[in-house]
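Trainee: Could you give me a close look at a single pocket in this one, and then set it against the rest of the fold? Please spell out your cut-offs as you go.

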Amino acid sequence: MVTIRDVARAAGVSTSTVSRALDERLPRSRSATAERVREVARELGYVRDPLASGLRRAGTSTIGVIVPRLTDTIMAMLYEEIAAASAERGVFAVVASTEDSPEAERRAADSLMRRRVDGLILTTARLDTAGAPTARQEAPPAADREDAPAASPAVGRPAVPRVLALRTDGFHPASVGDDLLGARLATRHLLDLGHRRIGLVGGPEHASSALLRHQGHREALREMGVEPDPRLTTGDSFSMEAGEAAGRRLLALPEPPTAIFAVNDNTAIGVLAAAHQRGLRVPEDLSVVGYNDIPTVSRLPVPLSTVRVPFDQVARGALRLLLEEREPGTPPPILTATPTFIPRASSCPPPRRS
């Protein structure tokens, strides 16, 4: 489908200029620029997006995006993709961060709604909210139910449509990556290289993404006849500092792992730091695999093997869920984007034991 961005690029103008020139609600501009924009739109076969135009008629043509923190590269990348996808539909995306605090999330949601946003995309869904299912439980179809538990403090509030992105709770519409598959791909890569003692650096238990990656790791091990060792699992955050601390614990074991799968690139970088402190070479002494494929990891001294999440697909899926209308009482749709494993220099067969 031809988008506003395509028309803007072909006409050599901004997306906002295209939006104004093609907005049927505004007085028709006769300027040379507006005429050129309309001519380019006709030549390209541009068709007005009824979903986005319906949203514009309903409110301010603005959506709010709530993230734990913008210093997290993953959240920044996702927000940029949401902003770009929104601009193609003539919608403006604004962001608020919460430091992963439920109270700060309430304030952020209230602030955005006071500014009359037409919808919210939240990446902050938590599974530790009372009544919320865990990632390993099958949630009932509870869309539009008054008693459905909120995935986060902001989700249960009325007034504007909202969807989840990257994380889910089983009760609300969500656009996510296939975390279970991604973890299986990462672990299977290490198993295929010959590793059997594989450490796992996990993430926070309130994040469905972390729990599903943990589950996928265990499933891949068992498929190859390797029983998961609880001593090889540690970590409870997505930060580099947490990854470094977890890496130190794993590498200090009497029988340390020959490989470590970190469910986040930040924690994988922390593991690399812990290995360096112990004088270990990556990958000769220790293989390390991450998750997400943030831009930094391909440019490290030892480029990181990792799972690539298609953030553009996740963003577009979240926006589509936010804009489309659904019949009341229907199960909440979950859009799942397929990840890809990217092998790089940080993983190789385990060292031979003398």
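Mentor: Let's start with the overall picture, then the pocket, then a few spots elsewhere. Bear in mind that this is a predicted model, where local features need pLDDT of at least 70, side-chain atom pairs count only at pLDDT 80 or more, and totals for chains, interfaces and linings use all residues. Residues are numbered from 1 along each chain as its sequence is written, and side-chain values use heavy atoms, with hydrogens and water left out.

The protein has 11 helices and 12 strands (DSSP runs numbered from the N terminus: H or I of at least four residues, E of at least two). Of its 354 residues, 54% are buried (under 20% relative accessible area, 1.4 Å probe, protein chains only). Take the contacts (heavy atoms within 4.5 Å) between residues at least 6 apart in sequence: 76% of them join residues at least 24 apart.

Now your pocket, the second largest, with a volume of about 420 Å³ (an open set of points on a 1 Å grid over the protein atoms alone where a 1.4 Å probe fits, with protein on both sides within 12 Å along at least five of seven lines; lining residues have an atom within 4 Å of a point). The volume is the space filled by probe spheres set on those points, joined across faces, edges and corners. It's lined by 24 residues, and Arg 69, Asp 72, Phe 238, Ser 239 and Asn 264 are the closest to its centre. Helices α5 (73–88), α8 (208–223) and α9 (240–251) each put at least two residues into that lining, with α5 giving the largest share, three residues. By type, the lining splits into eight nonpolar, nine polar and seven charged (Ala, Val, Leu, Ile, Met, Phe, Trp, Tyr, Cys and Pro are nonpolar; Asp, Glu, Lys and Arg charged; the others, Gly among them, polar).

Elsewhere, look at Met 113 in helix α6 (residues 102–114). Met 113 counts as buried because its relative accessibility is 19%. Its C-alpha sits 9.4 Å from that of Ile 63, though 50 residues separate the two in sequence.

Arg 344 comes in the segment after β12 (340–342). Between Arg 344 and Ser 298 there are 8.0 Å, C-alpha to C-alpha, against a sequence separation of 46 residues. Setting aside neighbours within four places in sequence, Arg 344 has contacts that include Asp 293, Val 297, Ser 298 and Arg 308.

How values were computed: Buried < 20%, exposed > 50% of the residue type's maximum accessible area, 1.4 Å probe, protein only.
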